[in-house]
Every structure is written in structure tokens, then in C-alpha cells.
Amino acid sequence: MESVVGQSIKTSNIFSFFKYLYGQHQSSSLYMKRLKALKQIIQHNDLHTYFQPIVDLQSQQTIGFEALNRPLPSTLFNSVDQFYEFVGQTDCVFLFECFCRNLSLKRFKERLHKDLVNKNFLVFLNIHPNVLLDKKYHSGETLQLLKELGIKPQQVVFELTERSAVIDFVEFERVLSHYRSQGYRIAVDDVGSGYNSLKTLIYLKPEFIKLDRSLIQFIDQNSEQQQLVTLLMKYAEQANTKIIAEGIERQEELDYLHRIGIHYAQGYAIGKPAKEIYMGKIRVGDHEDRGSH
């Protein structure tokens, strides 16, 4: 009886081992397919680039646009988040970030209507903090591209996601000083999402603080969110920085944020991401947006 049980356990272990090997093979095969697809995307510029307007809530004028790059629909990636999560697991992060940056700037220039070229709109570029620390990124290639495109460095805002933790704040502060000396500005994204501490704001001293949608959704009805946003506004005033409220989808949210004096706004209630660049349109109080005409 014992030998039968022992044989059964041994068979079960062998089956589990082969199942594990099969799973590893499948995982490795999927990784290689995705990696090949990623390299083809970079080679053939196979990304959709969308631009979402950012509006001054008080003057109701469009001040700039966030560039958003999205992969074409694919069976290899179930979502945009899954795609970018995969990019972060490869050794192509630096290459892909440079590709996205250049593509965004070129398409921004291409799609900006002639009557808007001299408006000096800001363009917000999402970027991983670690890429800025890479010495290859300091080479001045971006400045050269901007010169060719006729875009001023002062128009470019590097948007750093708060989900990507900064570890060496002293070194990062030094690197940001290098970029600022060239004219670039810094925004910290996802503030209030709970991924990182306020230490990021204190050390990096960004020109823009982008409040996460979790702080903005139904803020007109939630006193806790209101209190936290008020505290961040007080900090922004002391730090001489500007706040951008993201993810605004309801008129009530827009009206409340306008009433408390939030500087800038972004979200579906103002304008959805689109391939063509268009001015954001808002209505707060009794005033119609003048910047959309």
C-alpha cells in the first residue's frame, strides 16, 4: 500500500514539474513575442499619439497639451497599462522613452494649426524618472530636435509619474537643475494617488503639481477630498508652483475647482484626448470659454 502511495506522490511531483516547465516555456515565449512587437513599434512608429488640452480655469484659455502615446490594438497586450508595464520589464525603457519623446514633439509640431503656432503652448511629455538620470539622456539631443522643430525648451514640461519612486533625491535634484538651466519645466503626476510621499514635491520643487483623479472625482460632494486639495493649494502657493486638476469629468467638479481657485484643469469635461490638436472648452459660472474660438 505504501509503495502505491509513494508511486502516486512521485507521479504527482513529476506532473507538477512538467507543468511548471510548460508554464515557464509559455511565459518565455509570450515575452519574446511581446519584445519583438515592441521593437517593431519603435522601428515603424506604430503608436497613436493623442493630445489632451489643459486649460487655465480662471482665464479659461488653453495653456497647453499633454501628449499621450498609445499602442495599436493587439492580441499580445490586453490594455495600455499592460503594454507600459511590459515596457518597464525590458531593457528597452531608455530607447522607448526617447522614441516616445521624439514622436510626441514631431507630431505636436505637425498637428498644430498654422494660426496656433505662435501661441507658445506648453507640451507635457510623460517620462520615467530613471530615464532623466541616465547620462545618455543629457546629450542635448532633445535640444537639437527642438531647434529643428522650432519649439522652445520653455514650452516643454517633463511630466514625472509619482508612481515611479525617486530614491536618490539629492542626485535627482541636481539632474533637474541641469534641465531647468536649459529651460525645461517639471510636473509631478498622480499626486494624491498614494504611491509616493510628499517628499517628492519638497525635493523636486516642480513647476506643476498634477492632482490625481482620485482626489478630483466627486470632490464637490466629499469634504475630505476638499480639505486635502485645500492643503495642497496652500503648499503650492508657498512653493510658487501651479496645480493642475486631472480627470475632471463632471460640470459640478469643474465649477467647484473654479470656485476655490485651482489654477489649471484637464479632463473629459474640458476635452478628450484626440489626434488633432484642438482648444479646450469650458463653461464655469456665467462665462463661456473664449479660448476655443
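Biologist: With which residue does Glu159 form a salt bridge?

Modeller: This is a predicted model, in which local features need pLDDT of at least 70, side-chain atom pairs count only at pLDDT 80 or more, and totals for chains, interfaces and linings use all residues. Residues are numbered from 1 along each chain as its sequence is written, and side-chain values use heavy atoms, with hydrogens and water left out. A salt bridge is a side-chain nitrogen of Lys or Arg within 4 Å of a carboxyl oxygen of Asp or Glu. The closest N and O atoms are 3.0 Å apart, and the partner of Glu159 is Lys210.

Biologist: How many residues apart along the chain are Glu159 and Lys210?

Modeller: Helices (H or I, at least four residues) and strands (E, at least two) are DSSP runs, numbered from the N terminus. Glu159 lies in strand β4 and Lys210 in strand β6 (residues 208–211). The pair therefore links distant parts of the chain, and the separation is 51 residues.

Biologist: Are Glu159 and Lys210 buried or exposed?

Modeller: Buried means under 20% relative accessible area, exposed over 50%, and partly exposed in between, using a 1.4 Å probe and protein chains only. By that scale, both Glu159 and Lys210 are buried.

Biologist: Over which ring does the charged end of Lys210 sit?

Modeller: A charge sits over a ring if NZ of Lys or CZ of Arg is within 6 Å of the ring centre and within 35 degrees of the ring normal. For Lys210, the distance to the ring centre is 5.3 Å, and the ring is that of Phe124.

Biologist: Which residue does Glu207 meet in a salt bridge, and where does that partner lie?

Modeller: Glu207 meets Arg180 at 2.9 Å, N to O. This pair also links distant parts of the chain, 27 residues apart, with Glu207 in the loop between α7 and β6. Glu207 is partly exposed at 23% relative accessible area, as is Arg180 at 24%. The partner, located in helix α6, is Arg180.

Biologist: What N to O distance separates Arg250 and Asp220?

Modeller: The side chains of these two residues meet in a salt bridge, Arg250 with Asp220. Arg250 lies in the loop between β7 (242–245) and α10 (251–260), and Asp220 in the loop between α8 (213–216) and α9 (223–239), so the pair ties together parts that are 30 residues apart in sequence. Arg250 counts as buried at 18%, whereas Asp220 counts as partly exposed at 24%. Their N to O distance is 2.8 Å.

Biologist: How many aromatic pairs are there?

Modeller: Rings of Phe, Tyr and Trp (its six-membered ring) pair if their centres lie within 6.5 Å; planes under 30 degrees apart count as stacked, over 60 as edge-to-face and the rest as tilted. By this rule, the count of aromatic pairs is 16.

Biologist: Why is the pair of Phe83 and Tyr84 given its geometric class, and what is that class?

Modeller: The ring centres are 5.2 Å apart and the planes stand at 85°, so the pair of Phe83 and Tyr84 is edge-to-face.
Phe83 is buried, with a relative accessible area of 0%, while Tyr84 is partly exposed at 30%. The class of the pair is edge-to-face.

Biologist: Which residue of helix α6 pairs with Phe158 in strand β4?

Modeller: Phe158 and a tyrosine have ring centres 5.6 Å apart and planes at 85°, so this pair is edge-to-face. The two residues lie 21 residues apart along the chain. Phe158 is buried at 1% relative accessible area, and its partner is buried at 3%. That partner in helix α6 is Tyr179.

Biologist: Why do the buried residues of α6 lie on the same side, and what arc do they cover?

Modeller: In α6, the buried residues are Phe169, Phe172, Val175, Leu176 and Tyr179. They lie on the same side of α6 because the arc, taken from the directions from the helix axis to the C-beta atoms, is narrow enough, at only 125° around the axis. An α-helix has 3.6 residues a turn, so residues three or four places apart point the same way. The arc covered is 125°.

Biologist: Which residues does Gln154 contact, leaving aside its neighbours within four places in sequence?

Modeller: Gln154 is found in the loop between α5 (141–149) and β4, and its C-alpha atom is separated by 6.8 Å from that of Arg185, 31 residues apart along the chain. Contact means heavy atoms within 4.5 Å. The residues in contact with Gln154 are Leu122, Gly183 and Arg185.
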